[in-house]
Amino acid sequence: MPKKGHTEEQIVAVLRQVEAGAKVAEICRKVGISEATYYLWKRQYSGVGLSELPELRQMRGEYAFSERRACGLVLLAVSSYRYRTRRDDEPLRTRLVELARSKPRFGYRRLLVLLRRTGEAVNHKRVHRVYREAGLSLRRKRRTHCVRAGQPLRVCTGANQEWALDFVHDAVECGRVIRVLSVVDAYTRECLALEVDTSFASRRVTRVLEGIIAERGQPLAIRCDNGPELTSRHFLAWCVERRIELVHIQPGKPTQNGHVESFNGRLREESLNVSWFQNLFDARQKIAAWRKDYNEERPHSSLDYRTPQEFAALVRTKQEVLYVADAGQEVSIAAPLPHTPIPACDGDGVEFRIPK
């Protein structure tokens, strides 16, 4: 209980001043108490905040039991409850504050290295605890991720309804990293492009897409991830200008772009992992040869083991037949009747016959 008329709020304030770095002797002299009284207060109110004092008073008023009884209820030894550490962290705290002022952007790990360089043998867990208690923790800005709504795979019914884009990484003989831009039609499974280079800007991506559009027409939608090349202002403006719907998948959800991810798996297993690229030009040649084999020779299980080129030709043939049939129905619904000559008759209905 508080002595000499000190309230519980004053006692907690005294304890907070010592925790903030003030010396015990100076605080006791200023408040007018002995050090024994201070440590008695610390044992009773250690860890108690000002907001918890009303709850503490209520518990003492409602449940008047002894310290030994409370320890027995929670199965805690009284000696463990009464234990107070004898180690003094004040020298370590002072040293950490000095180092943090000279190196304000160093974390506790680097400060620990600096302490050990001076010959101080200190545990990293103790340094971390004192570092946090001294309020030296650095505030890091959390990386803000773009928020995207879920975009499940669509059921396509024709070619050029949706194209899927993604990048694959590999390396050449000298260790230089190369990137492969893959463009796949979501319906016919055709590989429309496999562009290989060391880096890709958004303008390079749009040039590749413009080349494909010049050959086979414009897609209705493009599905891709959230890479910088595919979220730049140039790429967004390019899609808006051509009225192409841009579908960005959610970050960390590659299954929402499953068609191109499956294609990239085949590309890596059948080409990248089994090929040795001497340089960039060698990589372009070998990957282009694999793309031709994929489109024209490799059976695709999703297409009833047809090649993508065969399936695309079959789709085009069916579309042409349906178009011709629809065009014929629009021109004439019924077939023309055969021509029948009408014989000439007089007023009494007698037929005139012209001699041959």
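**Exercise 1. The contact of helix 7 with helix 9**

Task: Name the residues of helix 7 that meet helix 9, then describe how the two helices cross.

Solution.

Step 1. Leu-92, Arg-93 and Leu-96 are the helix 7 residues that meet helix 9. Their partners in helix 9 are Arg-126, Val-127, Val-130, Tyr-131 and Glu-133.

Step 2. Sort these residues by type. The contact of helix 7 with helix 9 has five nonpolar, no polar and three charged residues.

Step 3. Turn to the geometry; this is a predicted model. Two packed helices are described by the angle between their axes and the distance between the axes. Helix 7 spans residues 90-102 and helix 9 spans residues 124-133. Their axes come within 10 Å and cross at roughly 70°.

Step 4. Classify the angle. Values from 65 to 115 degrees count as roughly perpendicular, so helix 7 is roughly perpendicular to helix 9.

Step 5. Look at the charges. Arg-93, Arg-126 and Glu-133 belong to a network of salt bridges. Asp-89, Glu-90 and Arg-129 are also linked in that network.

**Exercise 2. The two sides of helix 2**

Task: Which residues of helix 2 are buried, and which exposed residues sit on the face turned away from them?

Solution.

Step 1. Helix 2 covers residues 24-31. Val-24, Ile-27 and Cys-28 are buried there.

Step 2. View the helix down its axis. The buried residues of helix 2 fall within an arc of 100°, so they line one face.

Step 3. Check the face turned away from the buried side. Arg-29 and Lys-30 are the exposed residues it carries.

Step 4. Move past the helix end. Gly-32 follows helix 2 and has a positive phi, near 90°.

**Exercise 3. Positive phi without glycine**

Task: Asn-160 and Tyr-305 each have a positive phi without being a glycine. Locate Asn-160 and Tyr-305, and decide whether Asn-160 is buried or exposed and whether Tyr-305 is buried or exposed.

Solution.

Step 1. Read the angles. Phi is about 65° at Asn-160 and about 60° at Tyr-305.

Step 2. Place the residues. Asn-160 is in the loop between helix 9 and strand 1 (162-171). Tyr-305 lies in the loop between helix 13 and helix 14 (308-331).

Step 3. Apply the cut-offs: buried is under 20% relative accessible area, exposed is over 50%. Asn-160 has 14%, so Asn-160 is buried. Tyr-305 has 60%, so Tyr-305 is exposed.

**Exercise 4. Three salt bridges**

Task: The whole structure holds 20 salt bridges. Find where the partners lie in the pairs Arg-223 with Glu-162, Arg-216 with Glu-190 and Arg-266 with Glu-269.

Solution.

Step 1. Recall the principle. Side chains of opposite charge can pair when their charged atoms come close.

Step 2. Take Arg-223 and Glu-162. Their side chains meet at 3.2 Å, N to O. Arg-223 is in strand 4 (residues 221-224) and Glu-162 is in strand 1. The pair links distant parts of the chain, 61 residues apart. Arg-223 is buried, because its relative accessibility is 0%. Glu-162 has 3% and is buried.

Step 3. Take Arg-216 and Glu-190. The N to O distance in this salt bridge is 3.0 Å. Arg-216 lies in helix 10 (residues 202-216), whereas Glu-190 lies in the loop between strand 2 (177-185) and strand 3 (191-197). The pair therefore ties together parts 26 residues apart in sequence. Arg-216 is partly exposed at 26% relative accessibility. Glu-190 is buried at 12%.

Step 4. Take Arg-266 and Glu-269. Their closest N and O atoms are 3.3 Å apart. Both residues lie in helix 12 (residues 258-272), three residues apart, about one turn of the helix. Arg-266 is partly exposed at 26% relative accessibility. Glu-269 is partly exposed too, with a relative accessible area of 48%.

**Exercise 5. The surroundings of Ile-287**

Task: Which residues does Ile-287 touch, leaving out those up to four places away in sequence?

Solution.

Step 1. Place the residue. Ile-287 is part of helix 13 (residues 280-296).

Step 2. Check accessibility. Ile-287 is at 0% relative accessibility, so Ile-287 counts as buried.

Step 3. List the contacts. Ile-287 touches Val-180, Leu-194, Val-196, Ser-271, Leu-272 and Phe-277.

Step 4. Follow one contact. Leu-272 is 15 residues from Ile-287 along the chain, and their C-alpha atoms are separated by 8.1 Å.

Key. Residues numbered from 1 in each chain as written. Predicted model: local features only at pLDDT ≥ 70, side-chain atom pairs only at ≥ 80, totals over all residues. Heavy atoms only, no water. Helix = DSSP H or I, 4+ residues; strand = E, 2+ residues; numbered from the N terminus. Buried < 20%, exposed > 50% of the residue type's maximum accessible area, 1.4 Å probe, protein only. Contact = heavy atoms within 4.5 Å. Axes fitted to C-alpha atoms, helices over the stretch in contact; angles between N-to-C directions. Parallel < 35°, antiparallel > 145°, perpendicular 65-115°, else oblique. Nonpolar A, V, L, I, M, F, W, Y, C, P; charged D, E, K, R; others polar. Arc of directions from axis to C-beta. Salt bridge = Lys/Arg side-chain N within 4 Å of Asp/Glu carboxyl O.
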